[in-house]
Amino acid sequence: SVSGLYTAAYRIPTMITLVASIFIDAWQLSSINDNTRQQQITFFSNVGNMFASIVLLIASGAILCSKLAISILTAPDYYSAWTYVPLLALSASFSCLSSFQNSIYTLEKKTFQSFLSTAFTAIINIVLNALLIPRLAGMGATISSLVSYFFLFMYRAVDTRRFLPVRWKRRRLTITVVLTFVQAILMLLEPPLWLIWQIILFVLVFLLNCRELLVGVKKLLRRA
C-alpha cells in the first residue's frame, strides 16, 4: 500500500535527523546563556553554518544512495519506496535546520513564537495534504512535507533575527540547497547517465561544504 511504502521510505529521513542530532548535541547550545550578546550571535552563526553544511551533505548522500538504502533496509516488495526518499531527505534537512533555529526561541524564552511558527506550518501541511494526496498519493504527502518544512525554516530564519540575528553564509547555503534539489529531481527523473550526474552533484556539495564538515567532525570527536 502507499502508506506502507511511505513508512518504509521515512526510515531514511529519520536516520538523517538522528545523525544530525548527534552533531547538534556536541555543541551544547544551551550552555551559552551567560555569554554576551555578540558572543551568542557569533556562536550561533558558526554552529548554524556548520550544521547546515552537515545536514545538507548527509541529505545529498541519502539521495545518491536512496535505491541502495531502501533495498538494504526494506523487503523487496517495498523497493519502489525509494522514489519518496529524495524529497523526504531534503524535507528532513529543513526540519533539522528549523529545530536548530528553535533553540534561539528557547534561549530567548520565546515559546509563543515557537508555537506560532509550528502552527502556521501545520496549517500549510494540512492544506497541501488535502490538495495533493488525492492527486499524487504518497508523492503528494512527500511534497507537502518538503514545502512545509522549507516554509518553517524560512519563517524562523526571518523571525529569529529579531532576537538573535544568525549570520548565515547565504551564498553557499543557497547554492548547496539548489544543488541538492537538482540532485533530488534528477534522481526521480532518472535521465541518461543519471548515476554519473548524482555522483557529480554529491561531489560538488561535498567540496562546497567539506571545511565545515571537518570542523563538525573534530568537535564531535573532542566531545567523545
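Arg 37 counts as partly exposed, at 37% relative accessibility; buried means under 20% relative accessible area, exposed over 50%, and partly exposed in between (1.4 Å probe, protein chains only). The model is predicted: local features need pLDDT of at least 70, side-chain atom pairs count only at pLDDT 80 or more, and totals for chains, interfaces and linings use all residues. Residues are numbered from 1 along each chain as its sequence is written, and side-chain values use heavy atoms, with hydrogens and water left out.

The count of salt bridges is three, a salt bridge being a side-chain nitrogen of Lys or Arg within 4 Å of a carboxyl oxygen of Asp or Glu.

| Salt bridge | N to O distance |
|---|---|
| Glu 108 and Arg 37 | 2.9 Å |
| Lys 67 and Glu 190 | 2.2 Å |
| Asp 159 and Arg 162 | 2.7 Å |

Lys 67 lies in helix α4 and Glu 190 in the loop between α8 and α9 (194-223), so this pair ties together parts 123 residues apart in sequence. Helices are DSSP runs (H or I, at least four residues), numbered from the N terminus. Lys 67 is buried at 15% relative accessible area, whereas Glu 190 is partly exposed at 33%. In the third pair of the table, Asp 159 is buried at 12% relative accessibility and Arg 162 is exposed at 54%.

The second largest pocket has a volume of about 210 Å³. A pocket is an open set of points on a 1 Å grid over the protein atoms alone, where a 1.4 Å probe fits, with protein on both sides within 12 Å along at least five of seven lines; lining residues have an atom within 4 Å of a point. The volume is the space filled by probe spheres set on the points. Helix α2 gives four residues, the largest share of this lining.

Note on methods
Helix = DSSP H or I, 4+ residues; strand = E, 2+ residues; numbered from the N terminus.
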